[in-house]
Amino acid sequence: MGTVRVTDVIKKEDALKWKPCDNVLIASPMGSGKSYFCKNILYGVAKSENKKILMLIHRSNCVEQFKYEIEADGKSDVIEVATYQSLEYSALHNTNKYNLSQYKYIVCDEFHYFFNDSSFNNKTAISFNMIMGNTESIHVFMSATGDHMARYMRKYIEDNGLKKAIEYQIPFDFSFIRQLTFFHKDITMEEFLKEGISKGEKGIFFIQSAEKAYKLYSKHKKDCVFNCSSNNKKHYEYVDKDKIKDILVNQRFNERFLITTSCFDAGINIIDTDVKHIVVDIVDIASLIQCIGRKRIQGGDDKVNVYIKIINNQKLAGLKRSMEKKVEMADFYMDNGYSVDRLIEKYPMQNDVNNILYDDFVYDKDGNPISNSYTKKINEPMYFKKKEDIADYSMMLNKFDKFGYCKHLALLFGFSGGTGRFTYRMINEDYELEGYLGKMAADKVVLLQLKDRSELIKKINAKQNGRLLKKADTLNEVLGEMEIDYRIKEFATTRYITDKQGNKKKKKYKNAWKIVPF
């Protein structure tokens, strides 16, 4: 059975039944023809009625590529392409650039944008509210990874008494993944790269940190092309803009490896059967799936090996705690009847640094701001996203005894043989030191004297000018660079010791050591 396309599920007759103010949710895998559906089915309907389509995209790179496609197909007379961010800017600065009522369709491509980008762009709620407040157009929301956002949409629609959304679900198929591999350390990515170059193979690296991505690229410039967001002032100067433009137009790259941040996590197509490897070091699972989907599969024999950096249970717990901290003020505000007075009492002289809570006008019944009247509002997409993340992290921690992140992804991608057996591969990256430190932390071992520390120092084996490094701060830096999740804690303590005569004496230690999880 071949891949199910959007046009197999949604026909022209279906689109003709949609009415202004309808909210249409399309959950569809990457490469299943969402753009084709817009450029053909929706285009045909809009053109026959002399109407227009606004196509909203969340990455400027994607806008450029889609504009090339629209112009090449001769569809720019009906389809206008813009970013969500330009919509938000227009609203904030009252430029009146967009009159949404002039469009028959407002198509929100990769509409998980309202959620995923809210972690670093607190304005995503503006474009969402603009679209949902529009009553003249049909709103089409499309995504391959919009489950969380779809849940929020259903809640929003119910809470606001809107007509139930029209939903379409296209089956997902990850059978194009030949092998799923997990790894722990950054240095392993470089080993993947060196091995691929030596074998003359092609692949893509998606790395969340622009600094980490550039560092990897800088060691192998001859065989790689680098990309990051134009908003990254430190590293964007190293991006070859002409090469990136060629990738957008030709949908392939000439070098052995493309090393990019998540600025290429959506909208970009790579059509090249020689690309056999995709390496991902990105935390957010929705973005991770989007990255894997950048390579467009060209048939049953076109498969890729996927390598994902592990988030262990300890880090998952840390991420969960971090998210809980971020929603703390918003939770308190909601639990206390949206009382600004109670909020200020609880958090005097504090603002929500996460921007989930923000200041806004109080409006009268006609929607006009009341002078000198202000209140606190909750950025709902941002809040809901973080609560969904907390639920996901909790599920991964509670459902599996260890490696919950790996097992969750393995189930998602079809690498589970049932009865708790998983068929993914995990690379052994020398866990001797990590196991040694874990045992010490579990046994609550305290290192008090220099002789007690010597074995630990030798195990870490950090040297400068041929000499072992022995200071706790320096050794902790080394453990951090090695991505080992334990640290040396230096502290003062008192112990009672027994002398040769059997007498107990109290002895103070100003700089005792013990191993603690990080």
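**Backbone outliers, sheets and internal spaces of the chain**

At a relative accessibility of 34%, Asn355 counts as partly exposed, because this value falls between the limits of 20% for buried and 50% for exposed residues. The structure described here is a predicted model. Asn355 is placed in the loop between α15 and β13, and its phi is near 60 degrees, a positive value in a residue other than glycine. A positive phi in a residue other than glycine also occurs at Tyr338, where the angle is near 55 degrees. Tyr338 belongs to the loop that links α14 (328–335) and α15 (340–346). With a relative accessible area of 47%, Tyr338 is partly exposed, since 47% does not pass the 50% limit for an exposed residue.

Strand β13 (residues 357–363) pairs with strand β14 (residues 369–378) in the antiparallel sense, and six bridges join the two. Within this pairing, Asp360 of the hairpin stands opposite Thr375 in β14. Five residues lie between the strands of the hairpin, and Gly367 takes a positive phi near 85 degrees.

The chain as a whole contains 20 helices and 22 strands. Its C-alpha atoms fill a box of roughly 100 × 65 × 50 Å along the principal axes. Of its 518 residues, 49% count as buried. Among contacts between residues at least 6 apart in sequence, 72% join residues at least 24 apart.

An open sheet is formed by six strands in the order β3-β2-β4-β5-β1-β6, with parallel pairing. The edges are occupied by β3 (79–83) and β6 (166–169); each has a single partner strand, so one side of each is left without a neighbour in the sheet. On average, and with direction ignored, neighbouring strands of this sheet are turned by 20 degrees against each other. Strands of a sheet pair through backbone hydrogen bonds, either parallel or antiparallel. Strand β2 (residues 52–57) and strand β4 (residues 103–109) run parallel and are joined by five bridges. In register terms, Leu56 stands opposite Cys108 in β4. Helix α7 (residues 124–133) packs on the sheet, where it touches β1 (23–27), β2, β4 and β5 (138–143). The direction of α7 makes about 140 degrees with that of β5.

A search of the whole structure for disulfides finds zero. Cys224 is accordingly in no disulfide; the nearest cysteine sulfur is that of Cys228, at 15 Å, whereas a disulfide requires sulfur atoms within 2.5 Å. Cys224 counts as buried, because its relative accessibility is 2% and the limit for a buried residue is 20%. Cys406 is likewise in no disulfide, and the nearest cysteine sulfur, that of Cys291, is 17 Å away. A relative accessibility of 0% means that Cys406 counts as buried.

Open and enclosed spaces were also examined. The second largest pocket holds about 1000 Å³ of space. Its lining comprises 42 residues, of which Arg5, Met30, Gly31, Ser32 and Arg296 lie nearest its centre. The elements that contribute two or more residues to the lining of this pocket are α3 (34–48) and α4 (60–72). Helix α3 also contains Gly44, which is partly exposed because its relative accessible area is 30%. Gly44 and Lys12 are 32 residues apart in sequence, and the distance between them is 8.7 Å from C-alpha to C-alpha.

The count of cavities of 30 Å³ or more comes to two. About 40 Å³ of space lies in the second largest cavity. This second largest cavity is lined by His112, Phe115, Asn116, Thr145, Gly146, His148, Met149, Ala286 and Lys385. At least two residues of its lining are supplied by each of α6 (113–116) and α8 (147–159).

Terms used
Residues are numbered from 1 along each chain as its sequence is written. This is a predicted model: local features need pLDDT of at least 70, side-chain atom pairs count only at pLDDT 80 or more; totals for chains, interfaces and linings use all residues. Side-chain values use heavy atoms; hydrogens and water are left out. Two strands pair if DSSP finds at least two bridges between them. Helices (H or I, at least four residues) and strands (E, at least two) are DSSP runs, numbered from the N terminus. Axes are lines fitted to C-alpha atoms, for helices over the stretch in contact, and angles run from 0 to 180 degrees between N-to-C directions. Contact means heavy atoms within 4.5 Å. Buried means under 20% relative accessible area, exposed over 50%, partly exposed in between (1.4 Å probe, protein chains only). On a 1 Å grid over the protein atoms alone, a cavity is a set of points where a 1.4 Å probe fits but cannot get out, and a pocket is an open set with protein on both sides within 12 Å along at least five of seven lines; lining residues have an atom within 4 Å of a point. Grid points are joined across faces, edges and corners, and a volume is the space filled by probe spheres set on the points.
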